[in-house]
Amino acid sequence: RFGPSAVLTPANLVTIGRLLVTPVLIVMVALWGSTWAAVVVAFCVCSTDGLDGYIARRQGATTSGAFLDPLADKAVVVGIYAVLAARGDITWLPVALITAREISMSVYRAIMSRRSVSIAARKSAKLKTVVQDLVLGLCLLPPMEHHHGALEAAAWFATALTLLTGLQYLVDGRRAADESVMGGASSHDTSECHHSPLFV
C-alpha cells in the first residue's frame, strides 16, 4: 500500500496517462469531428477514471491523486465540449455553464479545505461525471452528428445535472462550515467549564 504523500503510484500513472491523451483527443475532434476513432479514444480515456479509482482504493489513496483525478476529469469534459461547441455541434451556453461550475466548485472546495472544512464527495457528483462522459460519447458518434436537436437536449441534461450537484456542494459546504464552528464553540465552552471555579 502507498502512503498519502506518494506520487508515482500506479493509480496516479493511469490518471497522468488520461491527462496526456486528452489533448490528442481534442485535436482529433477539432480536425475530423465526430468519428469512430474519436469514440474509441474517448471511451478509453473516460474508462480510466474508474480504473484509477479502483487501483487507489486497493493500494491506498494519495493527496496527489485526489488533486490529479478531478483535474483529469475536468480537462476531458471541458476540453471536448469546448471543441464540439466551436464546431457548432452544440451551443456555447451549456459549455460555459459546465465550465463555470467545474472551476468555481474546485476553487470553493480548495477554499473550504484551507479552512479545515471537509466536503464529502456525493454519489450524485460521480453520476454527473458519468452522464457528462456519456453525452460526450453521444456527441462523438458519427450517426449523431446530423441530429443537432438531440445533441443539444443531451448537453442541456448534462448541464442541469452538473449545476444541481454544484448547488448540493454549496449546501454541504455551508452545513459543514456551520458544524465546524459549532464544534469549535462547543470545545471552547467545555474547556472554559473545566477551568472555571464553579466546576473545581
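# Helices, pockets and cores

Helix α5 has 18 residues, and from its first C-alpha to its last it reaches 26 Å, close to the 26 Å expected at 1.5 Å a residue. The structure it belongs to is a predicted model. The buried residues of α5 are Ser124, Ala125, Lys128, Thr129, Val131, Gln132, Asp133, Val135, Leu136, Gly137, Cys139 and Leu140. Several of these names return below, which makes α5 a handy place to begin.

Helix α4 can be described in the same way. With 23 residues, α4 reaches 33 Å between its first and last C-alpha atoms, close to the 33 Å expected at 1.5 Å a residue. Buried in α4 are Pro94, Val95, Ile98, Arg101, Glu102, Met105, Tyr108 and Met112. After α4 comes serine 116, whose phi is positive, near 65°.

## The nonpolar cores

In soluble globular proteins, nonpolar side chains tend to be buried together. Here, the largest nonpolar core has 28 residues, and those with the most contacts inside it are Val29, Tyr81, Leu84, Ile90, Val135, Leu136 and Leu140. Which helices give two or more residues to this core? They are α1, α2, α3, α4, α5 and α6, the last of these covering residues 148-195. The largest share, 7 residues, comes from α3.

Valine 135 offers a close view of this core. Leaving out residues up to four places away in sequence, valine 135 touches Tyr81, Ala154, Ala155 and Ala158. There is also a second, separate core of 9 residues, which includes Met112, Val117, Ile119 and Ala176.

## Open and enclosed spaces

Rolling a probe the size of a water molecule over the atoms shows where empty space is left. The table lists three such spaces in this model.

| Space | Volume | Nonpolar lining residues | Polar lining residues | Charged lining residues |
|---|---|---|---|---|
| Largest pocket | about 1,400 Å³ | 19 | 14 | 13 |
| Second largest pocket | about 250 Å³ | 7 | 3 | 3 |
| Largest cavity | about 40 Å³ | 4 | 1 | 4 |

The largest pocket holds about 1,400 Å³ of space. It is lined by 46 residues, of which Ala66, Phe67, Asp69, Pro70 and Arg109 are the closest to its centre. Helices α1 (10-32), α2 (36-59), α3 (63-86), α4 (92-114) and α5 (123-140) each supply at least two residues of the lining of the largest pocket.

The second largest pocket has a volume of about 250 Å³. Of its 13 lining residues, Phe43, Cys46, Ser47, Asp133 and Leu134 are the closest to its centre. The elements that give two or more residues to this lining are α2 and α5, and α2 gives the most, with 7 residues.

How many cavities of 30 Å³ or more are there? The count comes to 1. The largest cavity is lined by Arg18, Val45, Cys46, Asp49, Asp73, Val76, Val77, Thr129 and Asp133. Helices α2, α3 and α5 each supply at least two residues of that lining. Cys46 and Asp133 are thus worth finding in the 3D view: both are among the residues closest to the centre of the second largest pocket, and both also line the largest cavity.

## Three residues to look up

Is leucine 20, in helix α1, buried or exposed? Its relative accessible area is 62%, and residues over 50% count as exposed, so leucine 20 is exposed. Leucine 20 and alanine 72 are 52 residues apart in sequence, yet their C-alpha atoms are 9.2 Å apart in space.

Valine 41 lies in helix α2. Valine 41 counts as partly exposed because its relative accessible area, 21%, falls between the 20% and 50% limits. Not counting neighbours within four places in sequence, valine 41 is in contact with Val21, Leu25 and Met28. From valine 41 to tyrosine 81, 40 residues apart along the chain, the C-alpha separation is 15 Å.

Leucine 151 lies in helix α6. Buried means under 20% relative accessible area, so leucine 151, at 0%, counts as buried. Leucine 151 and leucine 140 are 11 residues apart along the chain, with 9.8 Å between their C-alpha atoms. Leucine 140 is itself one of the buried residues of α5, and is one of the residues with the most contacts inside the largest nonpolar core.

Conventions: Residues are numbered from 1 along each chain as its sequence is written. This is a predicted model: local features need pLDDT of at least 70, side-chain atom pairs count only at pLDDT 80 or more; totals for chains, interfaces and linings use all residues. Side-chain values use heavy atoms; hydrogens and water are left out. On a 1 Å grid over the protein atoms alone, a cavity is a set of points where a 1.4 Å probe fits but cannot get out, and a pocket is an open set with protein on both sides within 12 Å along at least five of seven lines; lining residues have an atom within 4 Å of a point. Grid points are joined across faces, edges and corners, and a volume is the space filled by probe spheres set on the points. Helices (H or I, at least four residues) and strands (E, at least two) are DSSP runs, numbered from the N terminus. Ala, Val, Leu, Ile, Met, Phe, Trp, Tyr, Cys and Pro count as nonpolar, Asp, Glu, Lys and Arg as charged, and the others, Gly among them, as polar. A nonpolar core is a set of buried Ala, Val, Leu, Ile, Met, Phe, Trp, Tyr and Cys residues joined through side-chain atoms within 4.5 Å. Buried means under 20% relative accessible area, exposed over 50%, partly exposed in between (1.4 Å probe, protein chains only). Contact means heavy atoms within 4.5 Å. The expected span of a helix is 1.5 Å times one less than its number of residues.
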